[in-house]
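Biologist: Please take one close look at the salt bridges of this model and set them in the context of the whole chain. I would like one connected account, with the cut-off for each term.

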Amino acid sequence: MALISNETPLNELIINEPTVIPVINRFGIRLGIGDDTVATVCENKNLDCEFLLVILNTFINEGYFPEHTLRGFKAGEIIDYLTKTDRYYRQFQLPNIHRHFQLLLGAGSDTNNNLGLMYRFYQGLEHELLNLINHDLKEWFPAVIALEQGKETEIPTSELDELEKTSLQIEEKLSDLRNMFIKHLTGDYDLNLCYAVITAIFALEKDLRQNNRIRNRILLPINRELLDKKRS
């Protein structure tokens, strides 16, 4: 999809790429925006238009990632967006997958179709992602904010490396889970519920992939730079 600008009517983006709805929700933008441009919506919501455009264009275009522009924003602004993203995963996307998965398991599916194994795989993946989210919200994000404000705090480099490694492993496991459905289902199962689970997994996978680009290529380097300044 072509890049959007501040003059792009936001409804055009949503109509062509409805997967951005959760993203704009994180900025407090709800449906019913009429024909307002991105600039008008940002003005009405008191949002940083440049930051919203970077996030939306990053989300809808795999090849677009303006590291230099994103590095120009304060860590606090990036963390605010990532915080809302983490909470969205925890409150909506993960429960949605969980609920549809349980409905699929209980819909008279054949016991030989590997769904039980896939569900246990998902439970482990969900547990890992929730642990990462809790670490983000309670430890990592507050520590970065404290560093930016010049307060005393310390984050071992090994911990930052582990954060990046864990986030990428979870992303890979989501892809593995999606592929399990495509390659290894057998027997009878509810086609509509199966599609709902796969769609929900794909939505989380795409969101997490874009989120990891911001975490690992923007916030982690900012964190390391702040640590270097503190130690120098």
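Modeller: What follows goes from the chain as a whole to the salt bridges, and ends with one loop residue.

This is a predicted model, in which local features need pLDDT of at least 70 and side-chain atom pairs count only at pLDDT 80 or more, while totals for chains, interfaces and linings use all residues. Residues are numbered from 1 along each chain as its sequence is written, and side-chain values use heavy atoms, with hydrogens and water left out.

The chain holds nine helices and zero strands, where helices are DSSP runs of H or I with at least four residues, strands are runs of E with at least two, and both are numbered from the N terminus. Read from the N terminus, the order is therefore α-α-α-α-α-α-α-α-α. The radius of gyration, taken over C-alpha atoms, is 20 Å, close to the 17 Å that the globule rule (2.2 Å times the number of residues to the power 0.38) gives for 232 residues, so the chain is as compact as a globular protein of that length. Along its principal axes the C-alpha trace spans about 60 × 50 × 25 Å. Of the contacts (heavy atoms within 4.5 Å) between residues at least 6 apart in sequence, 78% join residues at least 24 apart. Buried residues account for 47% of the 232 residues, buried being under 20% relative accessible area, exposed over 50%, and partly exposed in between, with a 1.4 Å probe and protein chains only.

The chain carries 25 positive and 34 negative charges, whose mean positions are 4 Å apart; Lys and Arg count as positive and Asp and Glu as negative, without His and the chain ends, and each charge is placed at NZ of Lys, CZ of Arg, CG of Asp or CD of Glu. With a salt bridge defined as a side-chain nitrogen of Lys or Arg within 4 Å of a carboxyl oxygen of Asp or Glu, the count comes to 11.

One of these joins Arg 215 and Asp 136, at 2.4 Å from N to O. Arg 215 lies in helix α9 (residues 191–231) and Asp 136 in helix α7 (residues 115–148), so this pair ties together parts that are 79 residues apart in sequence. Both ends are buried, Arg 215 with a relative accessible area of 3% and Asp 136 at 0%.

Another bridge is formed by Arg 224 and Asp 161, at 2.8 Å from N to O. This pair links helix α9, which holds Arg 224, with helix α8 (residues 157–184), which holds Asp 161, across 63 residues. Here Arg 224 is partly exposed at 25% relative accessibility, and Asp 161 is partly exposed at 40%.

A further bridge joins Arg 178 and Glu 205, whose closest N and O atoms are 2.6 Å apart. Arg 178 is in helix α8 and Glu 205 in helix α9, 27 residues apart, and both residues are buried. Through shared partners, salt bridges join Glu 62, Arg 178, Glu 205 and Arg 209 into one network.

Away from these pairs, Asn 46 lies in the loop between α3 (38–45) and α4 (49–60). Most residues other than glycine have a negative phi, whereas the phi of Asn 46 is positive, near 55 degrees. Asn 46 counts as exposed, at 72% relative accessibility.
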